[in-house]
Amino acid sequence: MHWLHTTGRRGRRLAAYAAGDLSGPERARAESALAGCPGCRHEVEAYRLVARALRATPRVSLTAAEAQAFWPEVERRIAAGERPRRLPARPALREMLWDHRRLGLASAAAAAVLVVGLTLGQMSGWLHRGSVPSNGVEVVSVEPGGDAPVMLFQAPGSSLKVIWIFEERPSVWEVIR
Amino acid sequence: MCKYRIDHDLERLRIQRRRGIEPARDHPEPEDDRALVRRAQQGEREAFATLVRRHQDRAFNLAYQMVRHREDALDVAQEAFARAYTSLPSFKGDATFGTWLHRIVVNLAIDSLRRRRRGGETPYDDWRGLPEEPDGELTAPDDPGMALEAKQTRALLARGIAELPPAQRAALILREVEGLSYEEIARAVGCSPGTVMSRLFYGRRRLRQVLKARLADLR
């Protein structure tokens with residue numbers, strides 16, 4: 001397989017070479033590879049035209065009036081000091097995912113696993129270990145109660161007890177399926 | 001990054017020379033900038049005014065290349081200097097004043113673009129109003145046909161740039177228009193050089209697709 005055809009990096013290498021961003025051995029390697037790859041040369045030419053077009057973008061200057069009024073306006077803004085500052089716009093989710101696609105996918109997968117795991121773990125804990133860790137309320141007793149399990153909760157230091165009756169529902173796995 | 005390492009100074013000078021930009025290290029003199037920054041940090045408003053006058057045109061051009069809207073570009077450039085002034089106490093001088101200013105301009109321009117996109121406005125609304133003066137390899141002032149082609153290419157390019165996410169646009173403009181190295185771009189936009197490379201690639205690839213028909217004509 002051709003060096004420049006290495007999956008995933010081919011385009012980057014071509015674009016970087018065409019823009020003059022490769023140096024030394026990488027550049028030499030690209031040139032020798034290009035010699036036997038007409039398709040690659042075609043792409044390099046396309047990237048070069050893009051680079052030339054970008055570099056030929058005309059520069060824009062302030063008009064004389066704008067240039068003269070520039071510093072006074074900056075000074076006015078400095079003096080205003082407490083001017084209302086707009087919060088910086090956060091990057092769109094699409095942009096962040098674009099830049100960090102693998103990281104984004106991995107994070108989403110990890111978050112999904114965590115949420116499912118915690119949910120299942122908590123539900124399992126309620127039903128089998130007899131305690132609810134998040135708010136300090138303790139399960140005093142669990143009565144299977146035939147079709148409807150009954151749980152008795154009590155907060156530490158309180159005489160108040162709460163009775164929960166669980167109606168029969170499909171299991172978690174049945175719900176997920 | 002070593003695979004993509006370039007001789008940054010030479011590359012930057014090469015691009016700047018081709019574009020007719022005076023290298024930042026020659027004009028203004030970095031030493032002068034540093035001295036002015038020190039004086040401005042001590043409260044000398046006039047020293048900061050001198051810095052503004054020196055860099056205002058370049059800051060405006062960078063802002064314009066990013067937002068493509070004259071009034072917005074002016075606002076971004078002026079706001080960048082105002083913010084630079086209030087942030088002067090934290091400026092350590094690790095980078096040049098110009099590079100530091102680039103960062104502020106780019107960030108404000110990106111904010112401006114994102115606000116406009118969220119507000120439902122066209123992000124690049126005066127791309128048709130690109131400056132007419134010929135400048136660069138694509139223009140051929142002596143040949144009306146070629147000049148027209150160059151103008152059409154520029155219009156296509158502007159339309160393609162308009163569709164790029166702001167971060168990709170910033171990377172492309174800083175690299176191809178301002179002639180900054182990957183590392184300088186990374187510092188200016190606050191990301192890693194690898195991310196810069198990635199943004200450049202996707203931006204170039206998108207522009208190549210936009211110019212595809214044009215490329216076929218030119219072949």
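**Group meeting talk: chain A, then two helices and a core in chain B**

Read along the sequence, chain A runs through the pattern α-α-α-α-α-α-β-β-β-α, and that amounts to seven helices and three strands in this chain. Please keep in mind throughout that what we are looking at is a predicted model. Of the 177 residues that make up chain A, 15% count as buried, and if we take the contacts in chain A with a separation of 6 or more, 28% of them join residues that are 24 or more positions apart.

Let me turn now to chain B, and to a pair of its helices. Helix H7 of chain B, which covers residues 166–177, packs with helix H9 of chain B, residues 193–210, at an angle of about 95 degrees, and their axes are 8 Å apart. Angles of 65 to 115 degrees count as roughly perpendicular, and therefore H7(B) and H9(B) are described as roughly perpendicular to each other. On the side of H7(B), the contact is made by Ala167(B), Gln168(B), Arg169(B), Ala171(B), Leu172(B) and Arg175(B), while H9(B) contributes Val196(B), Arg199(B), Leu200(B), Tyr202(B) and Gly203(B). Sorted by class, the contact of H7(B) with H9(B) has six nonpolar, two polar and three charged residues.

My last topic is the largest nonpolar core, and here I would ask: which of its 78 residues touch the most other members? They are Ala63(B), Ala77(B), Ala80(B), Val105(B) and Ala109(B). If we follow Ala63(B) a little further, and leave out residues up to four places away in sequence, we find that Ala63(B) touches Ala73(B), Val76(B), Ala77(B), Val105(B) and Ala109(B).

Notes:
Residues numbered from 1 in each chain as written. Chains lettered and ligands numbered in written order. Predicted model: local features only at pLDDT ≥ 70, side-chain atom pairs only at ≥ 80, totals over all residues. Axes fitted to C-alpha atoms, helices over the stretch in contact; angles between N-to-C directions. Helix = DSSP H or I, 4+ residues; strand = E, 2+ residues; numbered from the N terminus. Parallel < 35°, antiparallel > 145°, perpendicular 65-115°, else oblique. Contact = placed C-beta atoms within 7 Å. Nonpolar A, V, L, I, M, F, W, Y, C, P; charged D, E, K, R; others polar. Core = buried A, V, L, I, M, F, W, Y, C linked by C-beta atoms within 7 Å. Buried ≥ 20, exposed ≤ 12 C-beta atoms within 10 Å, placed from the backbone.
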